[in-house]
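Open your viewer, switch to a cartoon view, and keep the selection box handy. We will move through the fold one stop at a time.

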Amino acid sequence: MRIAHRHARIMLVATALVLPLPLTAVLAQPAQIPAGQAPAAQAPAAAAAPARGGRGGGRGAGPAETWYINKVDKVVYTPPNRPIWRLADLLKMHAGQNNWQQQILKDDYEEVTYNSAAPGTKFIPRMHNETATVFFIMKGEVRFTVEGQQPVTATRGGIVNILNDTIYSYEVTGADNALFINLNPRGVRTEYPTSAPPPPPVAGTTLTKVSFAHRPGVYSGNNKLYFNLFDAIAKCQPTGGVVDEDHLFVNPLTGFVHPEEYTAKCPPGSPGSVRGGAASTAPFDPNSTFGHLHIGVREWWVIQAGAIDGRFEKTGEFHAVEGDVLNAEEDMWHQMGLEAPSGPSVRTAISAYRISNMGNTAGSGGGE
C-alpha cells in the first residue's frame with residue numbers, strides 16, 4: 001500500500017467515507033448515488049486420531065505438527081456481526097425498497113455491506129487511494145468502468161476486484177434490481193475527482209479540495225479485475241484464491257456432495273478441482289471441540305451457490321443457501337459441510353489475510 005506524500009498532478013475532492021446507498025437516503029427511483037510473519041503450522045496431529053480441519057487458504061506445508069496456542073475462551077458477536085445473515089431476512093427488512101444498504105460485518109480489519117440497487121442507478125466516479133475494494137454480485141447486472149481497464153458487466157457469481165489508487169464508477173444495467181456485497185478494509189476513505197460532479201455532503205465533514213498524484217494499481221498474481229465463478233466451473237478452471245490484496249483475501253471453495261458430477265465433465269488432470277465433504281450427520285454439541293479454528297482473525301463466507309452447513313462453537317448449527325453470509329469469529333472451532341443434493345455448493349471464504357487451518361486434536365470431525 002502506497003502512502004500519498006507526492007507532488008500534485010490531479011485535483012480531487014476528499015471527504016469522509018460515503019458508502020453506496022446509505023440507509024438514510026434510500027431511493028425509490030434510479031438516481032446518481034455516491035458509494036459510500038513466522039511460518040504458520042497446518043492442522044496439528046493427534047496421537048489417537050488425525051487432526052481434522054478445513055482446507056484451502058492455509059499457509060502451512062509439510063506434515064502436521066502440534067502446537068500450543070492461547071485460545072480465547074469467550075465467543076462474542078458484536079453487532080452488526082452475527083453467525084448468519086440470511087438474504088431472505090434482508091429482503092424482508094427492506095421490503096418495498098429498491099435501493100438499500102445494510103452493514104453486515106465490521107471488525108478491526110474489514111467492513112462489509114449488503115446492497116440493492118434498481119436498474120439505472122449510477123454510482124459516480126470515485127477512488128480509494130490506499131485500499132482495494134471487492135464486490136460480489138449476487139443477482140442482476142452491474143457494469144463497472146475502471147481506470148486503465150476495459151469496462152466489464154458483472155453478473156451472478158461475479159467477483160470484482162478494484163485496486164487502490166484507481167478511479168472507478170458503476171451502474172446497474174439489465175431489467176432487475178442488483179444485489180451485491182461490498183468488502184473494504186476497515187477505515188476505507190473515498191476521494192472524488194473534481195472533473196466529475198461532487199458527492200453530496202456528509203454530516204460532520206467539510207467537502208474539501210486537495211491535490212495529490214495518483215497512479216492506477218497494477219494487477220499481479222491471480223488478481224484480476226473480474227472473475228466469474230460459474231464461468232470457471234463450466235470451463236473446468238480453478239476457482240480458488242481470486243483476490244489476494246492488502247487485508248483482503250478471497251478464496252471461493254467449490255464442492256459437490258457427489259464429486260462425480262464434476263469429474264464426469266472435468267476429468268482428473270483438469271486445471272480446476274473440487275472438494276467433497278458432505279455435511280456431517282453426527283449429533284452436534286456446540287460446546288465440544290471439533291473442526292478447526294483460525295487464531296486472531298475471523299473467517300466468513302459468502303454462499304455463492306448451493307447450500308452450506310456451518311457448525312460454530314458455543315453458537316449452534318446454521319444452514320445457509322445462495323445469497324446468505326456465514327461468519328465464524330476468531331479462535332472459534334467451526335466445521336463446514338456441503339448440503340446441496342446436486343450441483344455445486346460454493347462458499348467463498350474471506351479473511352483479512354491468508355490464514356492457517358488449526359485442527360483440533362480430539363479427533364472430532366466430519367465435513368470440512
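What follows is a walk through a predicted model, from a sheet to the nonpolar cores, then a buried strand and a tyrosine.

**Stop 1: the six-stranded sheet**

Start by colouring β3, β4, β11, β6, β9 and β14. In that order, these six strands make up an open sheet with antiparallel pairing. Its edges are β3 (100-106) and β14 (226-228), each of which pairs on one side only. Look along the sheet and you can follow a twist that averages 20° from one strand to the next.

Now zoom in on the end of the sheet where β14 sits. Its partner is strand β9 (residues 158-162), and three bridges hold this antiparallel pair. Show V160 as sticks: across from it, in β14, is Y226.

**Stop 2: the nonpolar cores**

Next, select Y114, F136, I159, I181, L183, V250 and W300. These are the residues with the most contacts inside the largest nonpolar core, which has 34 residues in total. A second core lies apart from that one; it has 17 residues, including F123, F135, V142 and A178.

Stay with W300 for a moment. Which residues does W300 touch, leaving aside its neighbours within four places in sequence? The contacts are L105, E110, V112, L183, V325, L326, N327, T348, A349 and I350.

**Stop 3: strand β18**

Extend the selection to residues 299-305, which is strand β18. Is this strand buried or exposed? Seven of its seven residues are buried, so β18 is largely enclosed by the rest of the structure.

Bring in two further strands here. Strand β21 (residues 325-328) runs antiparallel to β18 and is joined to it by four bridges; within this pairing, W300 stands opposite N327. Strand β23 (residues 345-351) also pairs with β18 in the antiparallel sense, over five bridges. To find a point of register there, pick I303, whose bridge partner in β23 is R347.

**Stop 4: Y262**

Finish by centring on Y262, which belongs to helix α3 (residues 260-263). Y262 has a relative accessible area of 5%, below the 20% cut-off, and is therefore buried.

What surrounds Y262, beyond its neighbours within four places in sequence? Display I233, C236, Q237, F256, G272, S273 and V274, which are in contact with it. For a last distance, pick the C-alpha atoms of Y262 and G272: they are 10 residues apart along the chain and separated by 9.7 Å.

Methods: Residues numbered from 1 in each chain as written. Predicted model: local features only at pLDDT ≥ 70, side-chain atom pairs only at ≥ 80, totals over all residues. Heavy atoms only, no water. Helix = DSSP H or I, 4+ residues; strand = E, 2+ residues; numbered from the N terminus. Buried < 20%, exposed > 50% of the residue type's maximum accessible area, 1.4 Å probe, protein only. Contact = heavy atoms within 4.5 Å. Pairing = 2+ DSSP bridges. Axes fitted to C-alpha atoms, helices over the stretch in contact; angles between N-to-C directions. Core = buried A, V, L, I, M, F, W, Y, C linked by side-chain atoms within 4.5 Å.
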